[in-house]
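Welcome to a short guided look at a protein that may be new to you. Take a moment with the sequence and the model, and then read on.

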Amino acid sequence: MEPAIDPNGGIHRTFGLLRLLASAGGAGLRLKDIADAAGLPRPTTHRMLASLIAEGMVQRDPGAKHYRLGLDLFVLAARAGNPMNLRELCRPALLRLTGSLGETIFPLGRSGLDAVCIDGTNGPRPIRSFTGDIGGSVMLGVGQGSMAILAHLTAGEQDEVIRYNLPRMRDYAGFDEGFLRAEIARVRGLGYSDGAQGLIPGMAGLGAPIFTPDGRAVAALSVGTTTDRMTPERNGVIASILLNEARLIGSQLNPFDPTLRRAGAAMEMTGRAG
């Protein structure tokens, strides 16, 4: 009895090679390593890689003779995923949260060293915030939403933000490097930013980070309310609801979206959606 022939075998093997190269990162892999890992003869592997190079999906380093993913693959990836931008993805969550919690909700998108308010829904109580209104910005580390983002950046990114933002924070009493790093560690351990920093009298809030599917903190959902409403019991309930909504939004983001990778992206998103 002849073995069954898989008409899609070539496609499966091709994607297997791409996944191998993806797992290798920027260092790439040699032909021998790719063939051994894929369980394919070297001549077959070489032909497949040559075809992928011709299509721009793979590139070869002539000096080191290593293969890695090509730029055209990333161009395709950038065009994939949900066509909606961050503001559009957040909008249903804002409506649900304000409806269920009776609080003011606003999403913040990272813009370099700052966070920008890209939308908002108002609760019944007047709230003052650091950003002021849609399109307003606040430096990362000031306020619950921006702290939620800062606390979940890489250590290198945090160092850069602290180095540049700390001198800008001199108007805020008590903001020194020790306090900032301690708060970053606390919030990262907790998973969200809570409480009142005392910077706006009578105001309190809570911020939950929004991650891309590949794990980058690019935004946050933030609740703005009064200090009397942020009891420890209510904090836990709000945090759980906010984190669930943030996870839902993050799962729909395209990690290759260039607007999530460069400074000023949140402002651009606000302008396009307005």
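Let us begin with one residue: Ser-222 counts as buried because its relative accessibility is 4%. (Buried means under 20% relative accessible area, exposed over 50% and partly exposed in between, with a 1.4 Å probe and protein chains only.) Ser-222 belongs to strand 9, residues 217-226. Helices (H or I, at least four residues) and strands (E, at least two) are DSSP runs, numbered from the N terminus. Setting aside neighbours within four places in sequence, Ser-222 has contacts that include Thr-104, Ile-105, Phe-106 and Gly-145; contact means heavy atoms within 4.5 Å. From Ser-222 to Ala-208 the C-alpha distance is 6.5 Å, and the two are 14 residues apart in sequence.

A word on the model itself: it is predicted, so local features need pLDDT of at least 70 and side-chain atom pairs count only at pLDDT 80 or more, while totals for chains, interfaces and linings use all residues. Residues are numbered from 1 along each chain as its sequence is written, and side-chain values use heavy atoms, with hydrogens and water left out.

**The whole protein**

Stepping back, the protein has 10 helices and 9 strands. Of its 274 residues, 44% are buried. Among contacts between residues at least 6 apart in sequence, 57% join residues at least 24 apart.

**A small sheet**

Now find the open sheet of 3 strands, in the order 1-3-2, with antiparallel pairing. Its edge strands are strand 1 (29-30) and strand 2, each pairing on one side only. Two strands pair if DSSP finds at least two bridges between them; strand 2 (residues 58-61) and strand 3 (residues 66-69) have 4 bridges, in the antiparallel sense. One bridge partner in strand 3 is His-66, which is matched with Asp-61. Strands 2 and 3 make a hairpin with 4 residues between them, and in its turn Lys-65 has a positive phi of about 60 degrees. Across both strands lies helix 3 (residues 42-54), which runs at about 110 degrees to strand 2. Here axes are lines fitted to C-alpha atoms, for helices over the stretch in contact, and angles run from 0 to 180 degrees between N-to-C directions.

**Charged pairs**

Side chains of opposite charge can pair when their charged atoms come close. A salt bridge is a side-chain nitrogen of Lys or Arg within 4 Å of a carboxyl oxygen of Asp or Glu, and by this rule there are 14 salt bridges. Here are some of them.

| Pair | Closest N and O atoms |
|---|---|
| Asp-36 and Lys-32 | 3.0 Å |
| Arg-110 and Glu-157 | 3.2 Å |
| Asp-159 and Arg-181 | 3.0 Å |

Asp-36 and Lys-32 both sit in helix 2 (residues 31-38), 4 residues apart, about one turn of the helix. Arg-110 is in strand 4 (residues 104-111) and Glu-157 in helix 7 (residues 155-165), so this pair ties together parts that are 47 residues apart in sequence. Arg-110 counts as partly exposed because its relative accessibility is 22%, and Glu-157 is partly exposed at 28%. Asp-159 lies in helix 7 and Arg-181 in helix 8 (residues 177-190), so the pair links parts 22 residues apart in sequence. In addition, salt bridges that share partners join Arg-87, Arg-91 and Asp-119 into one network.
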